[in-house]
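These are my notebook entries from a session with one protein model, written down in the order in which I looked things up. I began with the pocket and then went through the helices and a few single residues.

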Amino acid sequence: MTITDAGGQRGPFGAGFELFADMLAIGVATTLASLPVITAPAAVSTGCGQLRARSEGRRTPDGGGYFRTLTRRLGSARGPADLTAGLVMTLLGTMLAVDLLLVHGTQGLPGTGIVTVTLTLLVAILAAVCLRAVALPESERGWLAALRISVRVSVLDPLGSVLLVAAVAVAALCVWMMPVLAVLMLGPLVLAATAVQARVPAH
């Protein structure tokens, strides 16, 4: 929550600290909203929208505002498309996870190391492209348009793509080392996606 005094000035912790607090709050709210899994795309997209609005000074995100916004979105005409995108994401993620498990179970056979590395890189790249897509304002209107823009921008902005892949890798490493951090990891990922999207010129 933004701390201001009577003259409208920011409190003693400063804007950076407030944005950090907003990121953590939105991260926890996004994690809770993503528990049904198929709601994850809409939940993360809403989180990005909240942080984007916060960075532009249009409103201050908070848990209640986040859930009200997400509820309105899922209850609107966009709801079925959001849930369909979540279902597709779940099926694709499950398929990749099964592939990784199958490859891991066949260790010792020629080529399994290369396949494992390839699948891991594919998962990281897909995660980065999807993060770009959910951070786009277009994701609030249509997923196909957002995905097309995301793929194009990922190619035109390789540095941003590398930053997002690194963010996904660091988040995965943190959760692997300390699973309890899974509750907070969506916050930094949402912030990373929003920040990378903001540095790209208008599409």
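Entry 1, the largest pocket. I looked up the volume of the largest pocket in this predicted model, and it comes to about 1,600 Å³. I then listed its lining, which consists of 40 residues, and I noted that M89, V123, L126, A127 and C130 are the ones that lie nearest the centre of the pocket. Sorting the lining by class, I found 36 nonpolar residues and four polar ones, with no charged residue in it.

Which helices supply at least two residues each to this lining? I wrote down helix 2 (40-55), helix 4 (79-105), helix 5 (112-135), helix 6, helix 7 (158-177) and helix 8 (182-198). Helix 5 gives the most, with 10 residues in the lining.

Entry 2, the overall fold. I stepped back to the whole protein and counted eight helices and zero strands, so that the order of elements from the N terminus reads α-α-α-α-α-α-α-α. Of the 203 residues in the protein, 36% are buried. I also checked how far along the chain the contacts reach: among those between residues at least 6 apart in sequence, 63% join residues at least 24 apart.

Entry 3, helix 2. I compared the length of helix 2 with what 1.5 Å a residue would give, and for its 16 residues the expected span of 22 Å agrees with the 22 Å between its end C-alpha atoms. I then asked how many of the residues of helix 2 are buried. The count is 15 of the 16, so I recorded helix 2 as largely enclosed by the rest of the structure.

Within helix 2 I picked out G49, which is buried because its relative accessible area of 9% is under the 20% cut-off. G49 and P137 are 88 residues apart along the chain, and I noted that their C-alpha atoms are separated by 7.3 Å.

Just ahead of this helix I stopped at V37, which is found in the loop between helix 1 (14-33) and helix 2. V37 has a positive phi of about 75 degrees although it is not a glycine, and at 37% relative accessibility I entered it as partly exposed.

Entry 4, helix 4. I made the length check again for helix 4, where 27 residues at 1.5 Å each should span 39 Å, and the end C-alpha atoms are indeed 39 Å apart. The buried residues I noted in helix 4 are G79, D82, G86, L96 and V103.

Entry 5, helix 6. For helix 6 (residues 143-156) I found that its 14 residues should span 20 Å at 1.5 Å a residue, which agrees with the 20 Å between its end C-alpha atoms. Which residues of helix 6 are buried? I listed W143, A146, I149, S150, V153 and S154. Looking down the axis of helix 6, I saw that these buried residues fall within an arc of 135 degrees, so they line one face of the helix. On the other side of helix 6 I noted L144, R148, V155 and L156 as exposed.

Entry 6, S154 and L164. I followed S154 further, and at 14% relative accessibility it counts as buried. Leaving aside neighbours within four places in sequence, S154 is in contact with V129, R132 and S161. From there I went on to L164 in helix 7, which lies 10 residues from S154 in sequence and 9.8 Å from it in space, C-alpha to C-alpha.

Is L164 buried or exposed? At 1% relative accessibility L164 counts as buried. Not counting residues up to four places away in sequence, L164 touches A128, L131, R132, A192, A193 and V196, and I marked R132 because it is in both contact lists.

Entry 7, L184. My last look-up was L184 in helix 8, which is partly exposed with a relative accessible area of 34%. L184 and M23 are 161 residues apart in sequence, and I noted a separation of 9.1 Å in space, C-alpha to C-alpha.

Note on methods. Residues are numbered from 1 along each chain as its sequence is written. This is a predicted model: local features need pLDDT of at least 70, side-chain atom pairs count only at pLDDT 80 or more; totals for chains, interfaces and linings use all residues. Side-chain values use heavy atoms; hydrogens and water are left out. The expected span of a helix is 1.5 Å times one less than its number of residues. Buried means under 20% relative accessible area, exposed over 50%, partly exposed in between (1.4 Å probe, protein chains only). The arc is that of the directions from the helix axis to the C-beta atoms. On a 1 Å grid over the protein atoms alone, a cavity is a set of points where a 1.4 Å probe fits but cannot get out, and a pocket is an open set with protein on both sides within 12 Å along at least five of seven lines; lining residues have an atom within 4 Å of a point. Grid points are joined across faces, edges and corners, and a volume is the space filled by probe spheres set on the points. Ala, Val, Leu, Ile, Met, Phe, Trp, Tyr, Cys and Pro count as nonpolar, Asp, Glu, Lys and Arg as charged, and the others, Gly among them, as polar. Contact means heavy atoms within 4.5 Å.
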